[in-house]
Amino acid sequence: MSVHAPTALPSAQPVPAFRGRIGCDARSGHYAVPRRYRLHLSLSCPHCLRIAVVHSLLGLEAVCPVTLLPAVPDGPGGEHSGLRPLYEASAHRYRGAAVAPVLSDDWSGRIVSTHAPDIMRDLARHFGGHHPALYPQGADAEIEGVRRLCEQGIEVAAQRAGRADTDAGERDTALTSLLCTLRSLEGRLARQEYLLGEQLTVADVELWVSLVQLDTVHRWHLDAAAVHRIAGHPRLWAYARRLAAHPAFGSHLDLDGIARRHHTHCRGLEAAGAAVQILDWASHVPNGTATRPS
């Protein structure tokens with residue numbers, strides 16, 4: 001059974017500035033060489049968090065180094081000033097924001113990609129041969145469906161459901177869409193351990209990070225009744241707890257950083273749902289590696 005994303009909700013992400021690929025275009029010169037490439041990640045960013053989880057699942061600590069960036073970007077448009085030289089070296093007179101995630105080439109000192117799905121796929125394809133198959137053969141369309149479902153059916157729908165500058169009817173429609181998505185995922189997890197069956201894949205990484213965002217960011221702008229309805233999917237949240245206990249997932253969970261990033265840049269009104277935490281994420285993370293919001 002395939003997962004299909006609602007088509008009525010537009011993508012929340014701008015088109016990435018850089019879309020180079022490792023090993024996919026011989027003309028680019030981006031060959032798959034260990035320790036040639038470097039990740040620049042801020043773990044409070046959901047796209048960076050997804051890449052960090054995949055990087056750990058593949059055991060690439062010695063193959064592709066990671067430079068961690070501050071939780072709260074220090075420049076306009078979500079820019080990390082430390083990335084500005086890399087962006088300017090990669091594009092003449094670059095005018096956009098220097099944002100994470102970034103996969104860079106240490107040989108050339110330039111950016112390969114800022115597109116999280118491509119980065120994760122290239123890491124798995126070219127450096128993850130002796131680790132779990134996060135992209136099973138024949139599952140590409142289903143994985144892409146899950147990615148779109150998480151982006152639009154959970155994150156965009158939750159944002160719209162919590163917007164105070166729209167009418168009640170639009171918020172109710174968005175909440176209905178969100179709950180429909182969660183209900184379909186609840187039913188799927190009632191039949192199998194992971195989204196695509198009995199094997200952990202990148203689809204589970206996509207969903208887990210969306211659930212983290214839903215509970216630690218989006219619920220701040222929802223009313224308490226809506227949050228209780230979101231929490232009323234026991235298999236889905238048990239799945240989230242189980243993955244949080246996996247070292248490759250929970251060890252990257254910077255709850256304090258997520259909270260600071262959100263409160264620094266968000267201009268929305270806080271609602272009663274902010275007081276209704278769905279999961280105590282830190283209690284499920286191995287060895288207490290997650291930092292609670294201060």
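In the predicted model, Thr201 is buried, with a relative accessible area of 1%. This value falls under the 20% limit used for burial. Thr201 is located in the loop that links helix H5 (168–191) to H6. When neighbours within four places in sequence are set aside, the contacts of Thr201 are Ala133, Leu134, Pro136 and Leu196.

Helix H6 (202–216) comprises 15 residues, and its first and last C-alpha atoms are 21 Å apart, close to the 21 Å expected at 1.5 Å a residue. Of the 15 residues of H6, 15 are buried, so the helix is largely enclosed by the rest of the structure. Helix H4 (140–161) packs with H6 at an angle of about 5 degrees, the axes lying 9 Å apart. Because angles under 35 degrees count as roughly parallel, H4 and H6 are therefore assigned to that class. On the H4 side, the contact involves Ile143, Val146, Arg147, Cys150, Ile154, Glu155 and Ala158, which meet Val202, Ala203, Glu206, Leu207, Ser210, Gln213 and Leu214 of H6. By residue class, the contact of H4 with H6 contains nine nonpolar, two polar and three charged residues.

A second helix pair is formed by H5 and helix H8 (residues 234–244), whose axes come within 8 Å and cross at roughly 70 degrees. Since the range from 65 to 115 degrees counts as roughly perpendicular, H5 and H8 are therefore described as roughly perpendicular to each other. Leu182, Leu185, Glu186, Leu189 and Ala190 of H5 make this contact with Pro234, Arg235, Leu236 and Tyr239 of H8. The residues of the contact of H5 with H8 comprise seven nonpolar and two charged, with no polar residue among them.

The strands E2, E1, E3 and E4, in that order, form an open sheet of four strands with mixed pairing. Strand E2 (66–68) and E4 are the edge strands, each paired on one side only. On average, neighbouring strands of this sheet are turned by 35 degrees against each other, direction ignored. Strands E3 and E4 run antiparallel and are joined by three bridges. Ser104 stands opposite Ile111 of E4. Helix H1 packs on the sheet through contacts with E1 and E2, and the direction of H1 makes about 135 degrees with that of E1.

Helix H3 also adjoins the sheet: H3 lies across E1, E3 and E4 and runs at about 145 degrees to E1. Helix H3 (residues 116–127) contains 12 residues and spans 16 Å from its first C-alpha to its last, close to the 16 Å expected at 1.5 Å a residue. Nine of the 12 residues of H3 are buried, and the helix is mostly covered. The buried positions in H3 are Ala116, Asp118, Ile119, Met120, Arg121, Asp122, Leu123, Ala124 and Phe127. These buried residues pack against strand E1 (37–41), strand E3 (102–105) and strand E4 (110–113), as well as against helix H1 (46–57), H4 and H6. The buried residues of H3 thus pack against strands of the sheet and also against H4 and H6, the two helices that are roughly parallel to each other.

Note on methods. Residues are numbered from 1 along each chain as its sequence is written. This is a predicted model: local features need pLDDT of at least 70, side-chain atom pairs count only at pLDDT 80 or more; totals for chains, interfaces and linings use all residues. Side-chain values use heavy atoms; hydrogens and water are left out. The expected span of a helix is 1.5 Å times one less than its number of residues. Buried means under 20% relative accessible area, exposed over 50%, partly exposed in between (1.4 Å probe, protein chains only). Contact means heavy atoms within 4.5 Å. Two strands pair if DSSP finds at least two bridges between them. Axes are lines fitted to C-alpha atoms, for helices over the stretch in contact, and angles run from 0 to 180 degrees between N-to-C directions. Angles under 35 degrees count as roughly parallel, over 145 as roughly antiparallel, 65 to 115 as roughly perpendicular and the rest as oblique. Ala, Val, Leu, Ile, Met, Phe, Trp, Tyr, Cys and Pro count as nonpolar, Asp, Glu, Lys and Arg as charged, and the others, Gly among them, as polar.
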